[in-house]
Amino acid sequence: MKVLQNAPDEILVVASSTLCNLLLEFSPSKEPILESGAIELLCSLTQSDNLALRVNGVWALMNMAFQAEQKIKADILRGLSTEQLFQLLSDSDVNVLMKTLGLLRNLLSTRPHIDQIISTHGKQIMQAVTLILEGEHNVEVKEQTLCILANIADGTTAKEFIMTNDDILQKIKYYMSHSNAKLQLAAMFCVSNLIWNEEEGSQDRQDKLRDIGVVDILHKLSQSSDPNLCEKAKTALQQYLA
């Protein structure tokens, strides 16, 4: 990795592209690459003026974070810094934005990791999510962002960052009634994770979501001609009956 630190851009583009593949979760090369300083190199690439290097840097980090242990995720966040992470989330290139959202989604997986990351970075992450859901972005970007919210909603303590944020709750409600079924479904995953009966505090969350009109929307969606939406709505409504 040290050899690559000062390599010309064209070599870095090829090398970082190769790293994207080598850092997939099942790759036997993953451990030695991590030990040789890959995180530091890739984090520095995300700050490059060269678009291909920014894309490859964040893409490789996204692959590295997939099903990774908490230490690797913490090292990525430390190496990248929240400031740079949010810089990438406001990048004008949609590929950079999508890969950064993918990275964030992979970081926010498995409950202990979700709760840990949200406890330290929750405020900034919720701000970033809000800005993207309010912005002029394509369906794929907004779907990925709602999936990040669904992951946060699956946390144990992280849930409260959604439940105490009325703006985010209204956005989830808005996307449940969106004209695009992908966005509706992603919003429904958020709701399902918030109201699941077996979770502590589910009754209070169910009551709050009922008060803002979510149950009315679920009833409408349970009559949807889209089988996925219909099924998801019925499953969510069952949580209110159990």
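Is threonine 110 buried, partly exposed or exposed? At 46% relative accessibility, threonine 110 counts as partly exposed. The legends below start with this residue and then visit other parts of the model, which is a predicted one.

**View 1. Threonine 110 sits in the loop between α7 and α8.** The backbone here is worth a look: phi of threonine 110 is near 70°, a positive value in a residue that is not a glycine. With a relative accessibility of 46%, its side of the story is one of partial exposure.

**View 2. Helices α7 and α8 cross with their axes coming within 11 Å.** The crossing angle is roughly 150°, and therefore α7 is roughly antiparallel to α8. On the α7 side, the contact is made by Leu97, Leu101, Leu104 and Leu107, while α8 brings His113, Ile117, Ile125 and Ile132. If you follow the handedness of this pair, you will find a left-handed crossing.

**View 3. Helices α5 and α8 also have axes that come within 11 Å.** This pair crosses at roughly 25°, so α5 is roughly parallel to α8. Gln70, Lys73 and Leu77 of α5 meet Pro112, His113, Gln116, Ile117 and His121 of α8. The crossing of α5 past α8 is right-handed. Within α5, the buried residues are Ile72, Lys73, Asp75, Ile76, Leu77 and Leu80. Just after this helix comes serine 81, with a positive phi of about 75°.

**View 4. The largest nonpolar core has 79 residues.** Leu103, Leu149, Ile152 and Ile162 are the members with the most contacts inside this core. Which helix gives the most to the core? That is α8 (residues 111–134), with nine residues. The core takes at least three residues from domain 1 (1–106) and at least three from domain 2 (125–241). As a general background, nonpolar side chains tend to be buried together in soluble globular proteins.

**View 5. Leucine 103 is shown with its contacts from elsewhere in the sequence.** Once its neighbours within four places in sequence are left aside, leucine 103 is in contact with Val58, Leu61, Met62, Ala65, Ile76, Leu80 and Leu85. Two of these names return in other views: Ile76 and Leu80 are among the buried residues of α5, and Leu85 is one of the buried residues of α6.

**View 6. Helix α6 (residues 82–89) has buried residues covered by other helices.** The buried residues are Gln84, Leu85, Phe86, Leu88 and Leu89. What covers them includes α4 (51–65), α5 (70–80), α7 (94–107) and α8.

**View 7. Serine 90 lies in the loop between α6 and α7.** Buried or exposed, which describes serine 90? Its relative accessible area is 53%, so serine 90 is exposed. Its C-alpha atom is 8.5 Å from that of isoleucine 132, although the two residues are 42 apart along the chain. Isoleucine 132 also appears in View 2, among the α8 residues that make the contact with α7.

**View 8. Asparagine 106 belongs to helix α7.** Here the relative accessible area is 14%, and asparagine 106 is therefore buried. Leaving aside neighbours within four places in sequence, asparagine 106 is in contact with Met62, Ala65, Phe66 and Lys73. Of these, Lys73 is one of the α5 residues in contact with α8.

**View 9. Phenylalanine 66 and glutamine 67 are both found in the loop between α4 and α5.** Phenylalanine 66 is partly exposed, with a relative accessible area of 37%, whereas glutamine 67 counts as exposed at 53% relative accessibility. Glutamine 67 has a positive phi of about 50° although it is not a glycine. The C-alpha atoms of phenylalanine 66 and serine 92 are separated by 25 Å, with their places 26 residues apart along the chain.

**View 10. The domain assignment of the chain gives domain 1 (1–106) and domain 2 (125–241).** How many Å separate the domain centres? Taken over C-alpha atoms, the centres are 30 Å apart. Domain 1 puts nine residues into the contact, and domain 2 puts in 12 residues.

Conventions:
Residues numbered from 1 in each chain as written. Predicted model: local features only at pLDDT ≥ 70, side-chain atom pairs only at ≥ 80, totals over all residues. Heavy atoms only, no water. Core = buried A, V, L, I, M, F, W, Y, C linked by side-chain atoms within 4.5 Å. Buried < 20%, exposed > 50% of the residue type's maximum accessible area, 1.4 Å probe, protein only. Helix = DSSP H or I, 4+ residues; strand = E, 2+ residues; numbered from the N terminus. Domains from an automatic or database assignment. Contact = heavy atoms within 4.5 Å. Axes fitted to C-alpha atoms, helices over the stretch in contact; angles between N-to-C directions. Parallel < 35°, antiparallel > 145°, perpendicular 65-115°, else oblique. Left-handed = near helix turned anticlockwise from the far one by under 90°.
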